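Ready for some practice in reading a protein structure? Take a look at the model below, then work through the exercises one by one.

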Amino acid sequence: MSNNEKNLTPKEKQLLKNLNSKASLLIEFEELCRAQKMPFNPGYMDTVSAEDLRELIHNFSDEGQAELKKRMKYETDSDK
């Protein structure tokens, strides 16, 4: 722990921890977007809550995509 961190109040330490966590999620989602060649708007994404970022990361991950595909019902001509 640096000297600066030692001088922080517990509330400031919690805020710093939350900001670092969200920054980590933003980086992870940005990397996912780049890998899938999707646009990434950092200004907008900064307004998204950490919980929603976690959900987005899950939904765009390979595991999340597999889950979504299982839940979707595809209608084909033979289904009509």
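## Exercises on helices and rings

Phe-29 is buried, with a relative accessible area of 5%. Keep in mind that the model in front of you is a predicted one.

**Exercise 1. Compare the surroundings of Phe-29 and Phe-40, and describe how their rings pair.**

Step 1. Start with exposure. A residue counts as buried under 20% relative accessible area. Phe-29, at 5%, is therefore buried. Phe-40 has a relative accessible area of 22%, so this residue is partly exposed.

Step 2. Turn to the rings. The structure holds 2 aromatic pairs. In the pair of Phe-29 and Phe-40, the ring centres are 6.1 Å apart and the planes stand at 55°, so the pair is tilted.

Step 3. Locate both partners. Phe-29 sits in helix H2, while Phe-40 belongs to the loop between H2 and helix H3 (42–45), so the pair ties together parts that are 11 residues apart in sequence.

Step 4. Widen the view. Phe-29, Phe-40 and Phe-60 make up one aromatic cluster.

**Exercise 2. Work out how helices H2 and H4 are arranged, and which residues meet.**

Step 1. Begin with a general idea: two packed helices are described by the angle between their axes and the distance between the axes.

Step 2. Apply that idea here. The axes of H2 (residues 10–35) and H4 (residues 50–60) come within 10 Å and cross at roughly 25°.

Step 3. Name the arrangement. Angles under 35 degrees count as roughly parallel, and H2 and H4 are therefore roughly parallel to each other. Their crossing is left-handed.

Step 4. List the residues. From H2 come Ser-21, Lys-22, Leu-25, Leu-26, Glu-28, Phe-29 and Leu-32, and they meet Ala-50, Leu-53, Arg-54, Leu-56, Ile-57 and Phe-60 of H4. Sorted by class, this contact has 9 nonpolar, 1 polar and 3 charged residues.

**Exercise 3. Do the same for helices H4 and H5.**

Step 1. H4 and helix H5 (residues 62–71) pack with their axes 4 Å apart, at an angle of about 75°.

Step 2. That angle makes H4 roughly perpendicular to H5.

Step 3. On the H4 side, the contact is made by His-58, Asn-59 and Phe-60; on the H5 side, by Asp-62, Gly-64, Gln-65, Glu-67 and Leu-68. By class, there are 2 nonpolar, 4 polar and 2 charged residues in the contact of H4 with H5.

**Exercise 4. Are Leu-26 and Glu-28 buried or partly exposed, and how far is each from Met-38?**

Step 1. Leu-26 lies in helix H2, and with 15% relative accessibility Leu-26 counts as buried. Glu-28 also has its place in H2, yet Glu-28 is partly exposed, with a relative accessible area of 39%.

Step 2. Now for the distances between C-alpha atoms. Leu-26 and Met-38 are 12 residues apart along the chain and separated by 14 Å. Glu-28 and Met-38 are 10 residues apart along the chain, with a separation of 13 Å.

Step 3. Look at what Leu-26 touches. Not counting residues up to four places away in sequence, Leu-26 touches Phe-40, Met-45, Asp-46 and Leu-53.

**Exercise 5. What is notable about the phi of Lys-37?**

Step 1. Recall that most residues other than glycine have a negative phi.

Step 2. Lys-37 is not a glycine, although its phi is positive, at about 55°.

Step 3. Place the residue. Lys-37 lies in the loop between H2 and H3 and is exposed, with a relative accessible area of 77%.

How values were computed: Residues are numbered from 1 along each chain as its sequence is written. This is a predicted model: local features need pLDDT of at least 70, side-chain atom pairs count only at pLDDT 80 or more; totals for chains, interfaces and linings use all residues. Side-chain values use heavy atoms; hydrogens and water are left out. Axes are lines fitted to C-alpha atoms, for helices over the stretch in contact, and angles run from 0 to 180 degrees between N-to-C directions. Helices (H or I, at least four residues) and strands (E, at least two) are DSSP runs, numbered from the N terminus. Angles under 35 degrees count as roughly parallel, over 145 as roughly antiparallel, 65 to 115 as roughly perpendicular and the rest as oblique. A crossing is left-handed if the near helix is turned anticlockwise from the far one by less than a right angle, and right-handed if clockwise. Contact means heavy atoms within 4.5 Å. Ala, Val, Leu, Ile, Met, Phe, Trp, Tyr, Cys and Pro count as nonpolar, Asp, Glu, Lys and Arg as charged, and the others, Gly among them, as polar. Rings of Phe, Tyr and Trp (its six-membered ring) pair if their centres lie within 6.5 Å; planes under 30 degrees apart count as stacked, over 60 as edge-to-face and the rest as tilted. Buried means under 20% relative accessible area, exposed over 50%, partly exposed in between (1.4 Å probe, protein chains only).
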